[in-house]
Amino acid sequence: MQKIEAVIQPSKLEAVKDALVEIGVEGMTITEARGHGRQKGHTEFYRGREYSVDLLPKVKLEVVVADDMLDKAILAISGAARTGTIGDGKIFVSKIDEAIRIRNDERGEIAL
Amino acid sequence: MGQAVPSAAPAAGVSQTDRIAALEKQNADNAVAIAAAQTAGDNGWMLVSAALVLMMSIPGLALFYGGLVRKKNILGTMMQTFAMAAVITVLWGLVTYSLAFGEGNAFIGGLHNVFLRGVGLAPDVKYAATIPLQTFMVYQLMFAIITPALITGAFAERMKFSAMLLFMVLWALIVYSPMAHMVWGKGGFLNATLGGRFPCLDFAGGTVVHVTSGVSALVTALYLGKRLGYPKVPMPPHSVVLSFIGACLLWVGWFGFNAGSALSAGTLATSAFVATHFGAAAAAIGWSVAEWIRQGKPSALGAISGAVAGLVAITPASGFVSPMSALWIGLIAGVVCYLMVVKVKAAFGYDDSLDAFGVHGAGGTLGAILTGVFANSAINPIFGAGKATGLLEGNGHQLLNQAVGVAIAWTLSIAGTLVILFVVDKVIGLRVSEEDEREGLDLSQHGEEGYDWAH
């Protein structure tokens with residue numbers, strides 16, 4: 001089982017969710033986050049004082065998929081989230097040791 | 001001889017004497033009815049005005065200031081204004097009304113009206129002949145409430161609640177009451193209508209409210225020192241939305257503040273109402289244009305700040321100037337206060353957190369001087385019908401009186417505030433601890449969180 005963490009633009013969330021559901025990935029966790037890679041922020045002015053805002057709103061999406069679904073899931077996410085400009089985000093993959101369904105104690109890939 | 005009596009046709013045998021007596025009685029009854037109608041109109045307007053001025057404090061100023069601070073201090077900031085509504089009210093009833101408006105000397109009232117003795121439903125003809133004295137008292141109370149509340153802007157985010165309460169009680173006694181007495185009280189040194197040595201034209205409180213609060217604010221900001229991290233750590237307003245709502249409530253409420261200062265519902269109230277509105281509008285434009293030029297974009301915060309600056313500046317002038325003069329006063333105030341806030345503050349480096357001095361101190365001083373320029377007897381013949389009032393009408397001498405009023409306000413504010421700060425600091429300490437300041441006033445002073453995200 002593999003975990004995919006994707007940091008994406010908030011405006012792309014709906015498209016990415018739809019793309020994942022379409023390939024059969026139903027479970028996911030969404031967090032509102034702030035961050036930046038190489039994307040610059042912007043300045044705001046209040047009563048003549050300048051404030052740099054460089055922690056930008058992002059969305060972090062976490063899904064755990066069976067090993068044979070990994071490539072399809074990555075393709076779905078990046079396809080839906082890409083605009084081609086700086087700020088599109090990143091995808092990280094890590095190995096998951098175990099998955100357990102709390103309701104009935106199912107373990108392994110059937111718990112996903 | 002004409003038969004002008006509209007009432008009952010003369011009955012057979014009613015003598016001329018009887019008819020004259022009946023007419024005289026009717027006349028007397030009519031006079032009473034007319035006075036009652038006049039009072040009803042004036043009192044209705046004055047009670048509404050009093051409510052409008054209270055609304056300026058709560059929630060107007062509370063929201064305006066609240067939105068400008070960081071979110072960990074929202075409740076603490078609003079509490080400071082709210083506490084004034086409660087504490088100053090009680091103090092006013094007990095003693096400060098008497099000190100401000102009671103009979104006394106040129107500088108302070110006496111104790112004749114403590115516990116509001118003698119403040120009943122009959123008018124005091126020297127103050128306002130057509131409304132109950134209690135209406136006058138409660139209207140003035142709303143001014144006494146908002147004035148100290150304005151000062152809180154200077155020491156936002158770092159003053160102990162307990163110290164603030166003590167400070168404000170002393171300030172109301174030592175600074176506000178004498179200033180109000182001098183400008184508006186019987187025999188006041190600066191009173192333009194009741195025998196002042198230097199008749200200073202201050203229709204609704206440019207000196208009494210804005211100069212005193214603004215200058216005291218500056219003194220407090222300097223004495224307390226800057227907020228932790230200022231100016232390096234960014235501390236932008238946490239909600240310009242709240243400030244926007246507050247500022248709009250201030251604009252509307254200000255009609256009670258200025259037009260209500262006519263103390264009647266007559267034509268002077270109209271003049272003041274119109275001047276107030278025009279001053280606000282021109283100032284919003286003035287600030288916004290200055291900002292647009294200097295920074296490239298006109299901000300919402302700038303527009304509302306400009307409007308407030310204009311309202312401050314028009315306050316002393318409102319019952320004395322024409323609508324066109326009001327536009328000028330507003331425009332000048334918008335630009336000047338903008339520069340005060342963005343250039344002068346940065347140049348001197350003081351942390352007047354919410355620009356109480358930049359807007360109220362500077363705006364009030366400017367407005368008081370401009371009142372001496374633009375005041376016109378055609379609007380308000382305060383020195384007598386046809387007697388020139390302001391500079392442009394031919395009475396340049398009035399500028400001296402205005403300057404004296406402003407100078408006294410500055411001096412009293414500086415001296416009084418310094419003494420009070422020193423005393424309160426020694427007795428209970430003014431500033432919150434570093435830890436409390438980092439945690440925020442909501443938690444450290446009030447055990448609450450303004451915004452509870454976890455639920």
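What percentage of the 455 residues in chain B is made up of buried residues? The figure is 55%. The notes below take the two chains in turn, then their contact.

1. **Status of the model.** This is a predicted model. Its scores are ipTM 0.75 and pTM 0.89. Chain B has an average pLDDT of 95, and 97% of its residues reach at least 70.

2. **Chain B, secondary structure.** Chain B is built from 13 helices and 0 strands. Read along the sequence, the pattern is therefore α-α-α-α-α-α-α-α-α-α-α-α-α.

3. **Chain B, overall dimensions.** Along the principal axes, the C-alpha atoms fill a box of roughly 95 × 50 × 45 Å. The radius of gyration of chain B is 24 Å. A compact globule with 455 residues would come near 23 Å, so the two agree. As for contacts in chain B with a separation of 6 or more, 75% are between residues 24 or more positions apart.

4. **The largest core.** The largest nonpolar core holds 144 residues. Those touching the most other members are Ile146(B), Leu250(B), Ala283(B), Ala317(B), Ile329(B), Ala333(B) and Cys337(B). Helix H3 of chain B, residues 133-151, gives the most to this core: 14 residues. Apart from this core lies another, of 15 residues. Leu20(A), Val25(A), Val63(A) and Met69(A) are among its members.

5. **Ala283(B).** This residue is one of those touching the most other members of the 144-residue core. Leaving out residues up to four places away in sequence, Ala283(B) touches Gly306(B), Ala307(B), Ala309(B), Gly310(B) and Ala313(B). Also on its list are Gly330(B), Leu331(B), Ala333(B) and Gly334(B). Ala333(B) is itself named among the residues touching the most other core members.

6. **Helix H5(B).** H5 of chain B covers residues 206-224. Its 19 residues should span 27 Å at 1.5 Å a residue. The end C-alpha atoms are 25 Å apart, which agrees. The helix is mostly covered, with 16 of its 19 residues buried. Just after H5(B) comes Gly225(B), which takes a positive phi of about 85°.

7. **Helix H11(B).** H11 of chain B runs over residues 398-427. For its 30 residues, 1.5 Å a residue gives an expected 44 Å. The end C-alpha atoms lie 43 Å apart, so expectation and model agree. Here too a glycine follows: just after H11(B), Gly429(B) has a positive phi of about 80°.

8. **Gly372(B).** Gly372(B) sits in helix H10 of chain B, residues 356-374. Is it buried or exposed? Gly372(B) counts as buried because it has 27 C-beta neighbours inside 10 Å, and the cut-off for burial is 20 or more. Beyond residues up to four places away in sequence, Gly372(B) touches Leu201(B), Gly390(B), Leu391(B), Gln398(B), Leu399(B) and Gln402(B). The C-alpha atoms of Gly372(B) and Leu392(B) are 8.6 Å apart, with their positions 20 residues apart along the chain.

9. **Chain A, fold order and dimensions.** Chain A has 2 helices and 6 strands. From the N terminus on, they run β-α-β-β-β-β-α-β. A compact globule of 112 residues would have a radius of gyration near 13 Å, but chain A has 17 Å. Its C-alpha trace spans about 60 × 30 × 20 Å along the principal axes.

10. **Chain A, burial and contacts.** Buried residues account for 19% of the 112 residues in chain A. Take the contacts in chain A between residues at least 6 apart in sequence: 71% of them join residues at least 24 apart.

11. **Val21(A).** Val21(A) belongs to helix H1 of chain A, residues 13-22. Val21(A) has 12 other C-beta atoms within 10 Å, so it is exposed; the cut-off is 12 or fewer. Its C-alpha atom is separated by 18 Å from that of Pro10(A), 11 residues away along the chain.

12. **Where the chains touch.** In the contact between the chains, 10 residues of chain B meet 6 residues of chain A. On the chain B side, helix H8 (300-314) and helix H9 (323-348) are the elements that give two or more residues. That side of chain B divides into 6 nonpolar, 3 polar and 1 charged.

Key
Residues numbered from 1 in each chain as written. Chains lettered and ligands numbered in written order. Predicted model: local features only at pLDDT ≥ 70, side-chain atom pairs only at ≥ 80, totals over all residues. pLDDT = per-residue confidence, 0-100. Core = buried A, V, L, I, M, F, W, Y, C linked by C-beta atoms within 7 Å. Helix = DSSP H or I, 4+ residues; strand = E, 2+ residues; numbered from the N terminus. Contact = placed C-beta atoms within 7 Å. Rg over C-alpha atoms; globule rule 2.2 N^0.38 Å. Nonpolar A, V, L, I, M, F, W, Y, C, P; charged D, E, K, R; others polar. Expected span 1.5 Å × (residues − 1).
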